[in-house]
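Trainee: I have a structure to go through. Can we take the core first, then the cysteines and the charged pairs?

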Amino acid sequence: MDDIKVSQTHKTKSGDKSVWRYFVECITKKYVCFKGRARRKEYFGFLLVDTLVRIFIVVSLVRLQPLDDFINLLWSLFLFLPGLGVLVRRLHDVGYSAWWIAATLMPVISNIAFSTVNLVFYDGNTADYLSVLQNICFILASIPTFVIVVVIFFKSDMKKNKYGDVPEGVA
């Protein structure tokens, strides 16, 4: 009887969901879900399936470049919200706020600001100083991106945190 339950819920012998099942759940039940927590397997399973589909698109449509680009664009648009959702839930799982994702826009904003200032106040001497200052600000503004890249590898909080209960399957 237990074997029937395991096969019906698409779980492995340890009671854990497969990578594919996590991906399907992210694009169906949790399409725009930004609440709760996502364990590492859910996040990296989503990334793995996404990457494999993109490789398949590129390899299978290698001779049809414009079609390849268009299908990749559609795939990216389709997965934008579920990808953002699973990243938010992953950050929640290790106790970090989703505002870290917004902080990753700082390099873009600083580049736009410095480019605008450079256009308005262009002169040979100030352009050099602005360029150095722009590079320093870009490096400092990139810190939140590096924090996120490191944090997604952290183990799940083993206790309930302010974002929800421990994800299913975390031991």
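Trainee: Which helix gives the most to the largest nonpolar core?

Mentor: This is a predicted model. Its largest nonpolar core has 19 residues, with Phe 23, Val 86 and Ile 101 among those with the most contacts inside it. Helix 2 (19-27), helix 3 (40-60), helix 4 (65-93) and helix 8 (143-151) each supply at least two residues. With six residues, the top contributor is helix 4.

Trainee: Which residues is Ile 101 in contact with, leaving aside its neighbours within four places in sequence?

Mentor: Ile 101 is one of the core residues with the most contacts. Beyond those neighbours, its contacts are Leu 84, Leu 87, Val 88, Leu 91 and Ile 148.

Trainee: How many disulfides does a search of the whole structure find?

Mentor: Take Cys 26: the nearest cysteine sulfur, that of Cys 33, is 9.0 Å away. A disulfide needs sulfur atoms within 2.5 Å, so the pair does not qualify. Cys 26 is buried at 0% relative accessibility, while Cys 33 is partly exposed at 24%. The search of the whole structure returns zero.

Trainee: How many residues apart in sequence are the parts that Arg 89 and Glu 42 tie together?

Mentor: Their side chains meet in a salt bridge, 2.9 Å from N to O. Both residues are buried. Arg 89 lies in helix 4 and Glu 42 in helix 3, so the separation of the parts they tie together is 47 residues.

Trainee: Which residue forms a salt bridge with Arg 90?

Mentor: The closest N and O atoms are 2.6 Å apart. Both partners lie in helix 4, three residues apart, about one turn. Both are buried. The partner is Asp 93.

Terms used
Residues numbered from 1 in each chain as written. Predicted model: local features only at pLDDT ≥ 70, side-chain atom pairs only at ≥ 80, totals over all residues. Heavy atoms only, no water. Core = buried A, V, L, I, M, F, W, Y, C linked by side-chain atoms within 4.5 Å. Buried < 20%, exposed > 50% of the residue type's maximum accessible area, 1.4 Å probe, protein only. Helix = DSSP H or I, 4+ residues; strand = E, 2+ residues; numbered from the N terminus. Contact = heavy atoms within 4.5 Å. Salt bridge = Lys/Arg side-chain N within 4 Å of Asp/Glu carboxyl O.
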